[in-house]
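Reader: I've got this one open on my screen and would like a close look at a single part of it, with the rest brought in where it helps. Could you pick a spot, start there and talk me through it?

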Amino acid sequence: MVKKEILFVTLFAPTLFLYSQVKIGDNFMELSSHALLELESKEKGLLLPRMTTKDMRNAFDNSAPAGLLVFNTDTQDIQFSYRDQMGNLSWRSSISFNQN
């Protein structure tokens, strides 16, 4: 049993210190050094989570981080979370698709 534990630690402990980047897409051999995650496609896009305003209020409490992106189906725009002056989680539209 001890031999198995030593083998496990010897083989997998070094992987805890590795740095990783991920690229999903057509040209996976070319990865920007500035990106943690890079998406590339000539035929597909990124689909953000789609929620109503009520869904967003229910899903994210004040402990959620700033910087979340959600497509709000009520307002028909992409919204991002940020901290207001009081430190509360708030939402702001970044790109609006509403044509009204």
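Author: Let's start at Glu38, which counts as buried because its relative accessible area is 18%, and the cut-off for buried is under 20%. Keep in mind that you are looking at a predicted model. Glu38 sits in strand β2, and that strand covers residues 37-40. What does Glu38 touch once its neighbours within four places in sequence are left aside? The list is Val22, Lys23, Ile24, Glu30, Leu31 and Ser32.

Take Val22 from that list next. Val22 belongs to strand β1, which spans residues 22-25. With residues up to four places away in sequence not counted, Val22 touches Leu31, Leu36, Leu37 and Glu38. Leu31 therefore turns up twice, as a contact of Glu38 and as a contact of Val22, if you go by heavy atoms within 4.5 Å. Val22 itself counts as partly exposed because its relative accessibility is 38%, a value that falls between the 20% and 50% limits. For a backbone distance, try Val22 to Ala35: they are 13 residues apart along the chain, and their C-alpha atoms are separated by 8.3 Å.

Now look at the surface around here. Val22 is one of the makers of a nonpolar patch of about 600 Å², together with Ile24, Leu36, Leu37, Leu39 and Leu46. Strands β1 and β2 each put at least two residues into that patch. Glu38 is not a candidate for it, because patch residues need over 30% relative accessible area and Glu38 has 18%. Val22 clears that bar, so its 38% fits with a place in the patch.

Leu36, another patch member, is in the loop between β1 and β2. Is Leu36 buried or exposed? Leu36 is exposed, because its relative accessible area of 58% is over the 50% limit. His34 is in the loop between β1 and β2 as well, and with 77% relative accessibility it counts as exposed too. If you want a ruler across this region, the C-alpha atoms of His34 and Gln21 are 9.5 Å apart, with their positions 13 residues apart along the chain.

On the other side of β2, in sequence terms, the chain runs into the loop between β2 and β3, where you'll find Ser41. Ser41 is partly exposed, with a relative accessible area of 33%. Its side chain is worth zooming in on: a polar atom there lies 3.0 Å from the backbone nitrogen of Glu43 and 2.9 Å from the backbone nitrogen of Lys44. Ser41 also ties the picture back to β1, since its C-alpha atom is separated by 5.4 Å from that of Gly25, 16 residues away along the chain.

For a contrast, jump to Gln79 in strand β5 (residues 77-83). Like Glu38, Gln79 is buried, here with a relative accessible area of 9%. The side chain of Gln79 makes polar contacts with the side chains of Asn72, at 3.3 Å, and Thr75, at 3.5 Å. Beyond its neighbours within four places in sequence, Gln79 is in contact with Met56, Leu68, Leu69, Val70, Asn72, Trp91, Arg92, Ser93 and Ser94. Just ahead of β5, in the loop from β4 (69-72) to β5, is Gln76. That residue has a positive phi of about 55° although it is not a glycine, and it counts as partly exposed at 34% relative accessibility.

Zooming out, the protein has two helices and six strands, in the order α-β-β-β-α-β-β-β along the sequence. Of its 100 residues, 16% count as buried, and Glu38 and Gln79 are among them. The protein exposes about 8600 Å², with carbon and sulfur atoms supplying 59% of it. Among contacts with a separation of 6 or more, 9% are between residues 24 or more positions apart.

Last, how far should you trust the picture? The mean pLDDT is 83, and 74% of the residues score at least 70. Confidence is highest in strand β3 (residues 50-51), at 97, and lowest in helix α1 (residues 2-12), at a mean of 64. Where pLDDT is low, don't read the predicted coordinates in detail.

Conventions:
Residues numbered from 1 in each chain as written. Predicted model: local features only at pLDDT ≥ 70, side-chain atom pairs only at ≥ 80, totals over all residues. Heavy atoms only, no water. Patch = residues over 30% accessible without salt bridge, like charges linked within 9 Å, V, L, I, M, F, W, Y side chains within 5 Å. Areas by Shrake-Rupley, 256 points an atom, 1.4 Å probe, with all protein chains shown as cover. Salt bridge = Lys/Arg side-chain N within 4 Å of Asp/Glu carboxyl O. Helix = DSSP H or I, 4+ residues; strand = E, 2+ residues; numbered from the N terminus. Buried < 20%, exposed > 50% of the residue type's maximum accessible area, 1.4 Å probe, protein only. pLDDT = per-residue confidence, 0-100. Polar contact = N/O pair within 3.5 Å; in protein donor to acceptor, adjacent residues only side chain to side chain.
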